[in-house]
Amino acid sequence: MTTPAVVWFRRDLRLADHVALIAAADAGAGVLGVFVADDALLTPSGSPRRAFLAGCLTQLSESMGERLLIVNGPPSEVIPRVAAAVGAHAVHVSADYMPYGRRRDEEVAQSLRAKDIELIATGSPYAIAPGRVRKPDGSRYAVFTPYFRSWTDHGWRAPARSGADVSWIDPADVGDAAVRRRRPEDLAAAVPDTLELPEPGEQAAGQRWKQFLADAVAGYDDERDRPDRPGTSRMSPYLKWGCIHPRTMLADLARLRSRGAAAYLRELAWREFYADLVFHRPESLRQSIDPVVDQMTWDYGSEADARLAAWRQGRTGYPYIDAGMRQLLAEGWMHNRVRMGVASFLIKDLHVPWQRGAAHFMRHLVDGDVASNNHGWQWVAGSGPQAAPFFRIFNPVGQGEKHDPTGDYVRRYVSELSGVPGQAVHRPWELPGGAPEGYPEPIVDHAAERSESLLRWENRPRR
DNA sequence: TTTTGAGTTGTTCGA
DNA sequence: GTCGAACAACTCAAA
C-alpha cells in the first residue's frame, strides 16, 4: 500500500534531470509539489530576484498542469502540515548545503519525524555533492586547480530521466492544511518598469543553453572578457534556481572539444569548488578566510557611507564602474569581468570591507548565490590562500579600456555619456569642456587610493 | 619527512 | 609602442 509523496521545491525549479522528483514519483501514489514562500529568504531579496523567482514558479506550475502548491510560513510548520494533509509518509528534497538551508532542513526533518514522516534528500544542485571531492588522505582541497583535477577525475552521473510524466496531486484536492496559499505573483515585490529580467523558467533555461552552445561557447575563452558583447552564457540565474541542472550542461559540454567549452567547464567547477568550501567552512561566507584581512584598517562612518552609496548608485565618476553598478540595478545581473572591477574599486579604492559589497550584490543579483558571490568577493579582497595577491589592484579606467574597448558597454548603461564616442567615454574628465552635464567627477583619485591600499596592507597586523 | 613546483582573472615602470 | 621584470611571501599538493 503506497501513499502519496511530497516534493518540496527549493533551488530545483524544474522537472527534467531531477532525482528527488524521480524518487518521489517512484515511491508514492501521486506526488504533491510544494514551494514554501519563506520570509527568511524572501525578505532580504531585492525585487529583481523575487520577480525572477515568481516567474520561475509560474513556469514550473504551468509545466505541472497548474498543480504547484505555494504556501506561506516557516517551513518547519507548513511542510509537516501539508505532508500530513495529503497523507504522505515522505517529503523529498534536493539537498541544500548552505548554512541556512542545512539548519532549516534539520528543523523540518525533526518536526516531520514527530508526525512519523521522513525527509528524504536525493541529489543536490551540484554535479558532485559538496564534501565528496577529497584528497587521498581525506582532507579537503584548498586550491582550485588540484580540486578541479580531482573533480574531473571523480566524474558525475549522466542526467536523470525526465520527470515530466509524474502524476501530480491537485492542491485543490488536499484537505485544509491550515496554510496560507499563495500565487507566484504574490511573491514578486513591485519591480521598476525599467527592469529587464531574463526570461524565467526551465524552458527558457534550456533555450538559453542551446543558444549558447550553438552561438558562443566555442569563442567563450576570449569573448567572456568583453562586457560590451554577448559572449557569456547568462546561465547563472537558471543555475541559481535550478531551472537546469549542471549535469545536463556537463553532458552537453562533454561532446565538445573547443577551448571555449573547456573554459566554461572550469567555471562550472568553480561554482562547485565554492560550495565545497562552504561545506567545510561555512563561516567563510561572513569572515575572511585569512583573518588578517578583517583586522586591517577599513573605512567606516558617514564619509565611507556616502562613498558606498555613490558606488551602489553608479555615481563614482568612473564610467566603467558606474556602468557595472547601473547594470546591476537595471537587470539584476552584472557581467563577471565587471563584477571584479567594481569589487576591487569598493575594496581598494574606497577601503570598504568586502562584506558590505557582497551584501549589496546579494540583494540585487537574480543569480545571487551566496557561495559564489561571497567567495568571489574574498578573491578580490585577497583574503584567501587562493586569492589575488594584495598588489593586484584593478585600474578602473584601464579595465574599461581593455575589456570595453568600443565603449559600448559604458554608453549602454550610463546615459549621461551616451553621446561620447569610442574609448573617450572611459575618461570623461579629459573631454574638451569637461564631463557632460550631470555626470559626476571621480569621487576619489585612483592612484592615491591605490597607494593607500598598499600602505594599509603593508601596515596590516601580523600574526 | 622533505623538497619542489605551482598558484583564475593586474599594474606600473623603465629599457 | 612593446616587453619583461618587479611587486612578496606563503601555502598547498604531490612526488
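A crossing of two helices is right-handed if the near helix is turned clockwise from the far one by less than a right angle. In the predicted model described here, the crossing of α4 and α5 is right-handed. Helix α4 spans residues 75–86 and helix α5 spans residues 99–113; the two pack at an angle of about 40°, and their axes are 9 Å apart. Angles that are neither under 35 degrees, nor over 145, nor from 65 to 115 count as oblique, and α4 and α5 are therefore oblique to each other. On the α4 side, the contact is formed by P75, S76, I79, P80 and A83. On the α5 side, R104, E107, V108, S111 and L112 take part. Sorted by class, this contact comprises six nonpolar, two polar and two charged residues.

A second helix pair was examined in the same terms. Helix α16 (residues 336–349) packs with helix α18 (residues 370–381) at an angle of about 60°, with an axis separation of 9 Å. These helices are therefore also oblique to each other, and α16 passes α18 in a right-handed crossing. From α16, the residues R339, M340, A343, S344 and I347 meet G376, W377, V380 and A381 of α18. The classes represented in the contact of α16 with α18 are six nonpolar, two polar and one charged residues.

At the level of domains, the assignment for chain A gives domain 1 (1–124), domain 2 (125–159 + 203–280) and domain 3 (291–458). The C-alpha centres of domain 1 and domain 3 are 38 Å apart. Contact between domain 1 and domain 3 involves six residues of the former and eight of the latter. The side of domain 1 that touches domain 3 has four nonpolar, one polar and one charged residues.

The surroundings of the two DNA strands were then considered. Around DNA strand B there are 15 residues, of which F144, T145, W270, R392 and N395 come nearest. Helices α6 (144–154) and α19 (396–403) are the elements that give two or more residues to this surface. By class, the surface near DNA strand B has eight nonpolar, five polar and two charged residues.

Around DNA strand C there are nine residues, and Y141, A142, V143, P146 and P389 come nearest. The surface near DNA strand C divides into seven nonpolar and two charged residues, with no polar residues.

Methods. Residues are numbered from 1 along each chain as its sequence is written. Chains are lettered from A and ligands numbered from 1 in the order in which they are written. This is a predicted model: local features need pLDDT of at least 70, side-chain atom pairs count only at pLDDT 80 or more; totals for chains, interfaces and linings use all residues. Axes are lines fitted to C-alpha atoms, for helices over the stretch in contact, and angles run from 0 to 180 degrees between N-to-C directions. Helices (H or I, at least four residues) and strands (E, at least two) are DSSP runs, numbered from the N terminus. Two residues are in contact if their C-beta atoms, placed from the backbone, lie within 7 Å. Ala, Val, Leu, Ile, Met, Phe, Trp, Tyr, Cys and Pro count as nonpolar, Asp, Glu, Lys and Arg as charged, and the others, Gly among them, as polar. A residue is near a molecule or strand if its C-beta atom, placed from the backbone, lies within 6 Å of it. Domain bounds come from an automatic or database domain assignment.
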